[in-house]
Amino acid sequence: MPVEELEDRVIIIDPTDSTNKATILKYGATIISWENQSQEKLWVSSGASLDGSKPVRGGIPLVFPIFGKQKSSTHPTFKLPQHGFVRNSNWEFLGQVSENPITVQFGLGPENIDPNSLKLWGDGNYDFTLILTISLSKDKLITSIDVENNGNESFEFNWLFHTYFKIPDITDTLVNNLIDQQCFDQLLNEQYIEKAPAISFHEEFDRIYKNVHFDKIIQIIELGKVLFNITRKNLPDAVVWNPWIKKSGGMADFKPKDGWKNMLCVEPGNVGSMIELRSGEKWSGAQELTIGGEIKIQANIY
Ligand SMILES: O=P(O)(O)OC[C@H]1O[C@@H](O)[C@H](O)[C@@H](O)[C@@H]1O
């Protein structure tokens with residue numbers, strides 16, 4: 001059976017190789033496991049709540065309609081909690097849409113969201129449909145999102161796939177192809193141009209890389225070996241985050257305590273600015289994750 005639906009989750013299996021599978025929690029439509037040749041590729045905290053009581057610390061949580069917290073008190077997203085409400089809403093499993101590659105969909109609309117949470121966005125006046133499509137094949141996981149405005153009012157939103165990659169050791173890890181990219185450092189509260197030929201990690205790291213050219217493949221490399229390639233469709237920005245020792249120590253659901261050594265978030269999204277969607281309009285974006293291959297150094301693409 002390539003798709004198995006349980007009460008709280010859906011498991012999908014590559015029909016060509018049963019050692020490739022993914023598990024999606026209905027809560028948040030959070031992908032909590034991606035096994036490739038029986039090896040786990042996503043980091044999930046051993047202290048993560050999987051019972052729907054809080055967003056999952058790990059896997060691929062979904063961020064909408066606000067990334068972080070809105071600073072402008074007049075914006076309709078101002079009252080929303082950090083990263084919005086879809087990572088803590090129960091999505092509807094819509095079923096399988098293709099056998100090979102195995103592809104499934106989840107949907108979310110106002111009817112699936114707790115009314116108190118819904119009111120925090122534009123006083124609950126927006127009507128929308130989100131469709132998440134997840135496709136798994138050999139060495140590849142694709143997640144795509146479609147957003148549609150079904151209401152009469154326009155709305156503005158951010159989207160982000162908050163992907164937690166599992167890595168052997170953060171101190172041996174590099175992230176490639178972000179040189180000369182404009183970035184906003186969330187720790188320094190400063191904007192500058194990234195000058196590192198490849199990013200390395202030796203302390204807390206929290207940067208938003210903006211308008212990264214769509215031809216650029218962001219690679220996570222460990223000791224000369226490509227672990228992951230991240231490509232994006234219509235998602236111009238990428239957040240790179242590792243909480244390191246102190247910040248992870250302050251998160252009750254972050255376990256084991258030295259788990260920061262084995263995780264790195266590279267999060268494709270549209271967060272440098274907001275997307276405006278008028279009544280009846282649709283927007284979509286996707287991240288494509290592939291395993292392995294050659295190191296590809298891309299100089300500037302103009
Ligand atoms: O603790 P949360 O809400 O899941 O957020 C985790 C992190 O998410 C990242 O995307 C942000 O850049 C960080 O600033 C933030 O700390």
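A polar side-chain atom of Gln82 lies 3.0 Å from an oxygen atom of the ligand. In this predicted model, two further side chains make contacts of that kind. An N or O atom in the side chain of Arg87 is 2.9 Å from an oxygen atom of the ligand, and for the side chain of His83 the corresponding distance is 3.2 Å. On its own the ligand has 400 Å² of accessible area, and the protein covers 88% of it. The space that the ligand takes is the largest pocket. Gln82, His83 and Arg87 belong to a longer list of residues that surround the ligand, which also has Arg57, Phe67, His162, Gln186, Asp206, Val239, Trp241, Lys247 and Glu267.

From the ligand we turn to strand β10, which covers residues 140-149. The side chains of β10 alternate between two faces. Leu141, Thr143, Ile145, Val147 and Asn149 point to one face and are buried. Lys140, Ile142, Ser144, Asp146 and Glu148 point to the other face and are not buried. The buried set thus includes Thr143 and Asn149 alongside Leu141, Ile145 and Val147, while Ile142 is found in the set that is not buried.

β10 pairs with strand β9 and with strand β22. With β9 (residues 128-137) the pairing is antiparallel and runs over 10 bridges. Within this pair, Ile134 has Thr143 of β10 as its bridge partner; Thr143 is also one of the buried residues of β10. With β22 (residues 282-291), β10 again pairs in the antiparallel sense, here over nine bridges. In that pair Lys140 stands opposite Thr290 of β22, and Lys140 is among the residues of β10 that are not buried.

The hairpin of β9 and β10 has two residues between the strands. Asp139 is located in this loop, and its phi is near 60 degrees, a positive value in a residue other than glycine. Most residues other than glycine have a negative phi. Asp139 has a relative accessibility of 21%, so it counts as partly exposed, the cut-off for buried being under 20%.

A second residue with a positive phi is Trp244, where the angle is near 55 degrees and the residue is again not glycine. Trp244 is placed in helix α2, whereas Asp139 is in a loop. With a relative accessible area of 12%, Trp244 is buried.

The backbone also has cis peptide bonds that precede proline. Most peptide bonds are trans. The bond from Asn100 to Pro101 is cis, with omega near 5 degrees, and Pro101 is in the loop between β7 (92-98) and β8 (102-108). The bond from Lys255 to Pro256 is likewise cis, with omega near -5 degrees. Pro256 lies in the loop that connects α2 (244-249) and β21 (263-277); α2 is the helix that holds Trp244.

Last comes an open sheet of five strands. Its order is β1-β2-β3-β4-β5, and the pairing is antiparallel. β1 (3-5) and β5 (39-40) stand at the edges with a single partner strand each, so one side of each has no neighbour in the sheet. The partner of β1 is strand β2 (residues 9-13), to which β1 is joined by three bridges in an antiparallel arrangement. In this pair, Glu5 stands opposite Val10 of β2.

Key: Residues are numbered from 1 along each chain as its sequence is written. This is a predicted model: local features need pLDDT of at least 70, side-chain atom pairs count only at pLDDT 80 or more; totals for chains, interfaces and linings use all residues. Side-chain values use heavy atoms; hydrogens and water are left out. Buried means under 20% relative accessible area, exposed over 50%, partly exposed in between (1.4 Å probe, protein chains only). Helices (H or I, at least four residues) and strands (E, at least two) are DSSP runs, numbered from the N terminus. Two strands pair if DSSP finds at least two bridges between them. A residue is near a molecule or strand if one of its heavy atoms lies within 4 Å of it. A polar contact is a pair of N or O atoms within 3.5 Å; within protein, one must be able to donate a hydrogen and the other to accept it, and residues adjacent in sequence count only if both atoms are side-chain atoms. Accessible areas come from the Shrake-Rupley method with a 1.4 Å probe; for residues, only the protein chains shown count as cover. On a 1 Å grid over the protein atoms alone, a cavity is a set of points where a 1.4 Å probe fits but cannot get out, and a pocket is an open set with protein on both sides within 12 Å along at least five of seven lines; lining residues have an atom within 4 Å of a point. A molecule sits in a cavity or pocket if more than half of its atoms lie within 2 Å of its grid points.
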